Amino acid sequence: MTMHSANKDKLQMVTPDTCRSAFVSVFPSLADKISDYVFLPGFCDVHVHFREPGFSYKETIASGSNAAAHGGYTAVCTMPNLNPVPDCEAALNEQLDLIKKSGSINIYPYAAITVGQKGESLSNMEALSKNAIAFSDDGRGVQNDALMEAAMKKAKELGKMIVAHCEVNDLLFGGYIHKGEYAKEHTTEAFAVKANFCRLQGTLNLLKRQAAPITFATFLQRKALI
């Protein structure tokens with residue numbers, strides 16, 4: 001494993017010895033207890049919601065990144081369910097300014113696949129790719145196969161990944177869990193069991209025509225994994 005040294009043009013190898021040395025330099029009083037600790041590289045969470053800009057009453061970049069740091073996470077990738085949605089350079093720059101001001105760890109934002117995450121037209125993926133880690137309409141699946149295929153093609157050209165949220169919107173019925181015994185017992189609004197599977201299957205079919213880097217953000221039922 002490698003890491004940046006103080007001189008960012010140089011890389012330095014991270015070994016157990018260098019970790020121990022760094023630990024002792026920060027906590028010299030614990031030098032004689034170093035064998036009590038396990039040294040691990042910083043973790044990375046590729047699916048977080050820091051909710052800023054737009055929904056800071058839920059979470060902020062400062063509170064989210066501080067919580068992540070306390071848990072050993074030194075990098076996260078933030079989903080684009082924001083206001084404004086990062087679907088253009090101006091909106092993404094607003095988020096990047098907040099990250100620069102308030103972030104306490106490395107924060108890599110996703111840009112939206114479609115304008116406003118509405119699934120009607122593609123965002124300016126080429127312009128966004130300079131500062132976005134990948135593209136996602138997380139929380140809202142892209143329903144149009146032709147649009148999704150175009151996004152996959154463009155992402156491949158840009159060397160970026162698509163992170164797909166696979167749900168058929170017409171089968172959600174306002175539910176937040178799938179229709180099953182638990183939903184029945186608790187009289188909870190539920191979505192059709194095939195809502196996740198059908199959209200996932202459709203996206204996999206697109207991959208046969210348009211091989212592109214892709215991962216899936218949400219699996220809501222066992223059938224989707226089989």
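Two strands are taken to pair if DSSP finds at least two bridges between them, and on this basis three strands of the predicted model form an open sheet in the order 3-4-5, with parallel pairing. The edges of this sheet are strand 3 and strand 5 (106-109), each of which pairs on one side only, and the twist from one strand to the next averages 20 degrees. Strand 3 and strand 4 (residues 73-78) are joined in the parallel sense over four bridges; within this part of the sheet, V48 has T78 of strand 4 as its bridge partner. Helix 3 (residues 89-102) packs on the sheet, where it touches strand 4 and strand 5, and its direction makes about 170 degrees with that of strand 5.

The protein as a whole contains seven helices and ten strands, and buried residues make up 38% of its 226 residues. Among the contacts with a separation of 6 or more, 65% are accounted for by residues 24 or more positions apart.

The accessible surface of the protein comes to about 13300 Å², and carbon and sulfur atoms contribute 54% of that area. On this surface, V38, L40, F43 and Y73 make a nonpolar patch of about 400 Å². Of these residues, V38 is located in the loop between helix 1 (16-26) and strand 3 (43-48), and V38 counts as exposed because its relative accessibility is 71%, where the cut-off for exposed is over 50%.

Technical notes. Residues are numbered from 1 along each chain as its sequence is written. This is a predicted model: local features need pLDDT of at least 70, side-chain atom pairs count only at pLDDT 80 or more; totals for chains, interfaces and linings use all residues. Side-chain values use heavy atoms; hydrogens and water are left out. Helices (H or I, at least four residues) and strands (E, at least two) are DSSP runs, numbered from the N terminus. Buried means under 20% relative accessible area, exposed over 50%, partly exposed in between (1.4 Å probe, protein chains only). Contact means heavy atoms within 4.5 Å. Accessible areas come from the Shrake-Rupley method with a 1.4 Å probe; for residues, only the protein chains shown count as cover. Patches are made of residues with over 30% relative accessible area and no salt bridge: like charges are joined within 9 Å, nonpolar side chains (Val, Leu, Ile, Met, Phe, Trp, Tyr) within 5 Å. A salt bridge is a side-chain nitrogen of Lys or Arg within 4 Å of a carboxyl oxygen of Asp or Glu. Axes are lines fitted to C-alpha atoms, for helices over the stretch in contact, and angles run from 0 to 180 degrees between N-to-C directions.
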